[in-house]
Amino acid sequence: MDEVPMHRDVWTGVAPLPWSDSTNELADVVERVACELARTAAERDRAGGTALEQRQLLRGSGLLTLAVPAAWGGQEARWPAIFSAVRRLAQADSSLAHLFGFQHLQVASVLLFGSPAQQERYLGATVRQGWFWGNAVNARDTRLVATRTARGWRLDGVKSFCSGARDSDVLNVSFAVGDSPQERLFAVVPTDRAGIAVGDDWDNMGQRQTDSGTVLFDGVEVLHEEVLGPPGAASSPHATLRNLIGQVILTEIYLGNAQGALAQALQYTQTQVQPRAMAGVERAVDDGLLQLRVGEHWAALRSATALADEANHAFERAWQRGSALTAQERGQLGMDVAAARVTAGRTALQVSSQIFELMGARATTASLALDRYWRNVRVHTLHDPLDYRSKSMGRWLLTGEVPDPYGYG
């Protein structure tokens, strides 16, 4: 089955992207990129590896600079627009949507943690030189050791889950120099710096072209001026919004996979499925049980999408608050984001696994790779289990205690 464009009318109220001002041109670019990614998504999912051609497509699209302020040549798009772009790309190709989303997460790191001079330097270069950012920031992997030097720091060890590191121009690298959140530093380091080796060891069942393997550091020099700050990573409630951006990106990837899966299932059922003998109808689309299942999936997705859109706009309001954002406001936002993520994750697992009940056994052929939607969601929902998200919401409701802003929330 050929990849098909998203049925835009199915998602009324979700799809046009909420760009500010120069809207139509940017929305058209997102749509063109999504359609091009969809064309080869199933084939590339089977192949795995680094999607060099598709990464170059993103580089040339101009979309990698959406979060960069206009002062440094970027498009200064609002966050709901960026998140919606992640969702649309995930409908087509979850791996490239992941890399696209994490590009903006690294840009946000510079905006939240860096000094004005660092913002001008790194974000200006992102625009002028077309940088694609990778990362080595997994806080739970403590194998990277930082040693102080006269010029800055020396890094030795390894980081895992380094999405987008292969074929990147620069890396956002985090390392601990003490036990408190205030002693976790972030630095911007060229990927080709001496001593850095990006592994080709990502071989998981989903998100197969995110290159989320390991990066090795062998005597890598990090200069003082490459460490982001002031204000730095743990400087204010506003600075901790970085963690929530990562959570929202995952939410959008869940939703995009679910929407892409349902759109594929609708097209396949309309054109390929023969009616079940026991249904007593001449066309599969007239089967009442199939209609019931499609309606349930669509309603669940609309609900999850509405909740995510609400959280995304709340995030934009918090972002605009800047240094005035309070810890309590940040905590409330964290719960809004958690609710959206839990709902989107569980809905996406349901939809992406149950589409085969609509399409039948023939749809399980490997050539279609329609299981990739479930595999992508299943990998990401294990990042930090959804049950713990729900538990944190319950704790907040019962005790008023918000999650640790320096952890995953």
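Leu155 has Val220 as its bridge partner in strand β7, and that pair is a good place to start our walk. The model is a predicted one, in which local features need pLDDT of at least 70, side-chain atom pairs count only at pLDDT 80 or more, and totals for chains, interfaces and linings use all residues. Residues are numbered from 1 along each chain as its sequence is written, and side-chain values use heavy atoms, with hydrogens and water left out.

Let us stay with the strands for a moment. Strands (E, at least two residues) and helices (H or I, at least four residues) are DSSP runs, numbered from the N terminus. Strand β3 (residues 152-159) and strand β7 (residues 215-223) run antiparallel and are joined by 8 bridges. Two strands count as paired if DSSP finds at least two bridges between them. On its other pairing, β3 meets strand β2 (residues 145-148), again antiparallel, through 4 bridges. One of the partners here is Trp153 in β3, which is matched with Arg148. With 3 residues between them, β2 and β3 make a hairpin. In a regular strand the side chains alternate between the two faces of the sheet.

Now follow the chain past β7 into the loop that leads to helix α6. Pro230 has its place in this loop, and so does Pro231. The peptide bond from Gly229 to Pro230 is cis, with omega near -10°. The bond between Pro230 and Pro231 is cis too, with omega about 20°.

His238 belongs to the loop between β7 and α6 as well. Is His238 buried or exposed? It counts as buried because its relative accessibility is 15%, where buried means under 20% relative accessible area, exposed over 50%, and partly exposed in between (1.4 Å probe, protein chains only). Leaving out residues up to four places away in sequence, His238 touches Leu112, Ala318, Trp319, Gly322, Ser323 and Leu325; contact means heavy atoms within 4.5 Å. The His238 side chain also reaches the backbone oxygen of Trp319 at 3.2 Å.

Next come two helices. Thr251 sits in helix α6 (residues 241-271) and is buried, with a relative accessible area of 3%. Apart from neighbours within four places in sequence, Thr251 is in contact with Ala308, Ala340, Arg341 and Ala344. His297 is part of helix α7 (residues 288-321) and counts as buried at 1% relative accessibility. Which residues does His297 contact, leaving aside its neighbours within four places in sequence? They are Leu262, Gln350, Val351 and Gln354. With Gln350, the His297 side chain makes a side-chain polar contact of 3.2 Å. A polar contact is a pair of N or O atoms within 3.5 Å; within protein, one must be able to donate a hydrogen and the other to accept it, and residues adjacent in sequence count only if both atoms are side-chain atoms.

Two loop residues deserve a stop for their backbone angles. Gln207, in the loop between β6 and β7, has a positive phi of about 50° although it is not a glycine. Gln207 is buried, with a relative accessible area of 1%. Glu76, in the loop between α2 (52-61) and α3, has phi near 50°, a positive value in a residue other than glycine. Glu76 is partly exposed, with a relative accessible area of 46%.

Finally, look at the empty spaces. Rolling a probe the size of a water molecule over the atoms shows where empty space is left. On a 1 Å grid over the protein atoms alone, a cavity is a set of points where a 1.4 Å probe fits but cannot get out, while a pocket is an open set with protein on both sides within 12 Å along at least five of seven lines; lining residues have an atom within 4 Å of a point. Grid points are joined across faces, edges and corners, and a volume is the space filled by probe spheres set on the points.

The second largest pocket has a volume of about 440 Å³. Of its 25 lining residues, Ala139, Ala176, Ser180, Pro181 and Arg184 are the closest to its centre. Strand β4 gives the most to this lining, with 3 residues.

The structure also holds 4 cavities of 30 Å³ or more, and the largest cavity contains about 100 Å³ of space. Its lining has 13 residues, with Ala41, Asp45, Asp93, Ser94 and Ser95 nearest its centre.
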